[in-house]
Amino acid sequence: MHEVVIGWALQEPTSVFGRFLEGVAAPKGIVDFLVVSFMLFAIGVLGVLSRRNILIIFMSIELILNAANLNFIAFTRYWQAMGRISENMGHIFTIFVIVVAAAEAVIGLGILIALYRNRQTVAIDEINLLKW
Amino acid sequence: MELKGAQIVFYYGLAFLVLIMAVSLIRARSAVHAALYLMGALIGVAGLFLLLHAEFVAGAQILIYVGGVVVLFIFVIMLVNVREEITEATRLFTRQEAVAWGLVGAMTIATVIALRREANLVPPAGALMEEPLALAEDTQRVGSALYTRAALPFEIASLLLLVAIVGSVILARTRRQEETFD
């Protein structure tokens, strides 16, 4: 990443810890980033399905969007390392995802405030009428 | 593309930070705790972006998500005055959480095995980009792509944000405010 920050470990490549890191535990390619992204997505889906509080469901949706962003960035890095692309359009997609997520959070929380004013609840299983 | 030295330490630290924060988020009893866990998870994802040489996106993530969206969540928690969540006493099937976690674990192991077999996802040693981009160069590339190839979506995004601002004001105003306006 940045040589100033990580220089200490690069100077000691022959230590046992360094050899362990380089040999066994080193993430190869983007596979491990994809795994983190998948687990983040799965946890987000689990949160959406299992919680009753609308606020926490919104936060779980943010986790899902972040998992998608991580995939975009990882694949951009991979294709750049392969030399297939020179632009980083994945970064642009990620920025647009962030923008849309911010707009979605604003609208969703506005709806939530209006709902709370009418029903005095944020539990999603008590909100079962389309019109009240 | 392969990580070296302290990058590996950072990778594992950030990955465990993100996943532990995410699990804590969906298990949190109070919404304020959940918002703070969300902040931790988003910072961890920004660190993973840094490892992938996406410095500008990492900065935007910190500024917009942590500085904007999470603060918005905390404001709304303050406004709606959420009490702690009560789990229902009667449930037909009480082991659903264990079943869900088991499914997630099994799918994760399957994904790890499937992705590890996919040798195409590991770039060959000769194909590595030799020197990572400098910070200014990354920002420059993102900016030039944003204003050339992605210029039309960029303008549409500004319209989307305008609609979001006006819509949230209209949604959140009270009936008394509506009557005053009319």
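**Helix packing and selected residues in a predicted two-chain model**

B:His53 is buried, with a relative accessible area of 14%; buried denotes under 20% relative accessible area, exposed over 50% and partly exposed in between, for a 1.4 Å probe and protein chains only. The structure is a predicted model, in which local features need pLDDT of at least 70 and side-chain atom pairs count only at pLDDT 80 or more, while totals for chains, interfaces and linings use all residues. Residues are numbered from 1 along each chain as its sequence is written, chains are lettered from A and ligands numbered from 1 in the order in which they are written, and side-chain values use heavy atoms, with hydrogens and water left out.

B:His53 lies in the loop between α2 (31-51) and α3 of chain B, where helices (H or I, at least four residues) and strands (E, at least two) are DSSP runs numbered from the N terminus. The phi angle of B:His53 is near 60 degrees, a positive value in a residue other than glycine. A positive phi, of about 55 degrees, is also found at A:Gln120, which is not a glycine. A:Gln120 belongs to the segment after α5 of chain A and, with a relative accessibility of 48%, counts as partly exposed.

Chain A contains five helices and zero strands, giving the pattern α-α-α-α-α along the sequence. Of its 132 residues, 55% count as buried. The accessible surface of chain A, from the Shrake-Rupley method with a 1.4 Å probe and, for residues, with only the protein chains shown as cover, comes to about 6100 Å², of which carbon and sulfur atoms hold 69%. Among contacts (heavy atoms within 4.5 Å) in chain A with a separation of 6 or more, 56% involve residues 24 or more positions apart.

Chain B has seven helices and zero strands, and its elements run α-α-α-α-α-α-α from the N terminus on. Buried residues make up 34% of the 182 residues in chain B. About 11000 Å² is exposed by chain B, with 67% supplied by carbon and sulfur atoms. For chain B, 58% of the contacts between residues at least 6 apart in sequence join residues at least 24 apart.

Two helix pairs that link the chains were examined. Helix α5 (residues 89-119) of chain A packs with helix α3 (residues 55-80) of chain B at an angle of about 5 degrees, their axes being 11 Å apart. Axes are lines fitted to C-alpha atoms, for helices over the stretch in contact, and angles run from 0 to 180 degrees between N-to-C directions. The two helices α5(A) and α3(B) are therefore roughly parallel to each other, a term for angles under 35 degrees, with over 145 counted as roughly antiparallel, 65 to 115 as roughly perpendicular and the rest as oblique. On the α5(A) side, the contact includes A:His91, A:Ile98, A:Val106, A:Leu109 and A:Tyr116, and on the α3(B) side B:Phe56, B:Gln61, B:Tyr65, B:Leu72 and B:Val80 are among the residues met. The residues of this contact divide into 20 nonpolar, three polar and no charged; Ala, Val, Leu, Ile, Met, Phe, Trp, Tyr, Cys and Pro count as nonpolar, Asp, Glu, Lys and Arg as charged, and the others, Gly among them, as polar.

A:Val106 is also touched from another helix of chain B. B:Ser168 touches A:Val106 and A:Ile107, residues up to four places away in sequence not being counted. B:Ser168 lies in helix α6 (residues 151-172) of chain B and is buried, at 15% relative accessibility.

In the second pair, helix α3 (residues 31-50) of chain A and helix α1 (residues 6-27) of chain B pack at about 5 degrees with their axes 9 Å apart; α3(A) and α1(B) are therefore roughly parallel to each other. A:Asp32, A:Phe33, A:Leu40 and A:Gly47 are among the residues of α3(A) that meet α1(B), where the partners include B:Tyr11, B:Leu19 and B:Ile26. By class, this contact comprises 13 nonpolar, one polar and one charged residues. A:Phe33 and B:Tyr11 also form one aromatic cluster together with B:Tyr12.

Within chain A, A:Leu40 is touched by A:Ala67, as are A:Ser37 and A:Phe41, not counting residues up to four places away in sequence. A:Ala67 lies in helix α4 (residues 54-82) of chain A and is buried, with a relative accessible area of 2%.

Notes:
Phe/Tyr/Trp six-rings, centres within 6.5 Å; stacked < 30°, edge-to-face > 60°.
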